[in-house]
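Let's walk through this one together, question by question. Have the model open beside you as you read.

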Amino acid sequence: MSLQPLAVPKEKLKTPPLSIHTLGDRVLRSLSKNVATVNQETRLLAREMLQTMYSCDGIGLAAPQVGVNKRLIVIDIDPEEAANPVWVMVNPVIKRVVADLEVGQEGCLSIPNVFADVVRPARVVVSFRDLSGKPQAIEASGLLARVIQHELDHLEGVLFVDRVENQLALAQDLTKQKFSLRDVQPAPVR
Ligand code: NI
């Protein structure tokens with residue numbers, strides 16, 4: 001378990017520091033660039049992303065969602081549990097997929113109130129830099145593996161709705177939430 005040099009209280013702020021861009025916004029479809037140097041600016045962005053994620057009841061957030069096309073993601077799959085580890089991953093890369101595909105329900109802070117099943121590998125090895133700039137790697141399974149892959153997709157301009165197989169149900173849900181199916185793109189081939 002990597003200890004991050006960042007302690008952000010798991011609490012909801014009345015005014016989160018960052019605002020979240022939603023489906024249809026171009027920034028969500030742009031390719032994100034590597035973070036060249038992990039510095040104070042990176043740590044501040046990570047801190048504000050975590051504060052925003054906790055405030056919006058999210059379990060993961062990628063920098064493009066707050067309008068920054070940089071390869072930085074934050075994850076906490078159990079925000080109610082103070083002791084649950086918080087992951088801040090700079091320049092994350094999936095090195096290996098080590099298990100079969102699995103179906104699981106997903107949502108996204110950029111597409112509020114829309115939930116759908118997505119098929120993804122059940123276990124992945126991901127390498128990244130932590131907030132000290134130190135290289136790290138973990139093998140993740142279950143919900144953590146799913147969230148990592150969901151957030152990594154954001155860095156490529158891919159959204160979970162692109163990977164939903166049941167397009168008919170998805171179209172209905174999107175319309176109900178005033179989103180447009182036109183903003184869904186074909187998923188890239190894995
Ligand atoms: Ni998302």
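Q: Does His-154 count as buried or exposed?
A: In this predicted model, the relative accessibility of His-154 is 1%. The cut-off for buried is under 20%. His-154 therefore counts as buried.

Q: Which residues coordinate the nickel ion?
A: Happily, the donor atoms can be named one by one. Cys-108 gives its SG atom, while two histidines each give NE2, at 2.1 to 2.2 Å. The residues that coordinate the nickel ion are Cys-108, His-150 and His-154.

Q: How are the donor residues of the nickel ion spaced in sequence?
A: Cys-108 sits in the loop between strand 4 (101–106) and strand 5 (116–121), whereas His-154 belongs to helix 2 (residues 142–155). This pair, 46 residues apart, links distant parts of the chain. Written as a pattern, the spacing of the donors is C-x41-H-x3-H.

Q: Is Cys-108 buried or exposed?
A: Now for the cysteine donor. Its relative accessible area is 10%, and a residue is buried under 20%. So Cys-108 is buried.

Q: Which element gives the largest share of the lining of the largest pocket?
A: The largest pocket holds about 380 Å³ of space. Of its 21 lining residues, those closest to the centre are Ile-59, Gly-107, Cys-108, Leu-109 and Phe-115. Strand 4 and helix 2 are the elements that give two or more residues to this lining. The largest share, 6 residues, comes from helix 2.

Q: How many residues of the lining of the largest pocket are charged?
A: The lining divides into three groups, with 9 residues nonpolar and 8 polar. The number of charged residues is 4.

Technical notes. Residues are numbered from 1 along each chain as its sequence is written. This is a predicted model: local features need pLDDT of at least 70, side-chain atom pairs count only at pLDDT 80 or more; totals for chains, interfaces and linings use all residues. Side-chain values use heavy atoms; hydrogens and water are left out. Donors are N, O and S atoms within 2.8 Å of the metal (3.2 Å for Na, K and Ca); water is not among the atoms, so sites may look incomplete. Helices (H or I, at least four residues) and strands (E, at least two) are DSSP runs, numbered from the N terminus. Buried means under 20% relative accessible area, exposed over 50%, partly exposed in between (1.4 Å probe, protein chains only). On a 1 Å grid over the protein atoms alone, a cavity is a set of points where a 1.4 Å probe fits but cannot get out, and a pocket is an open set with protein on both sides within 12 Å along at least five of seven lines; lining residues have an atom within 4 Å of a point. Grid points are joined across faces, edges and corners, and a volume is the space filled by probe spheres set on the points. Ala, Val, Leu, Ile, Met, Phe, Trp, Tyr, Cys and Pro count as nonpolar, Asp, Glu, Lys and Arg as charged, and the others, Gly among them, as polar.
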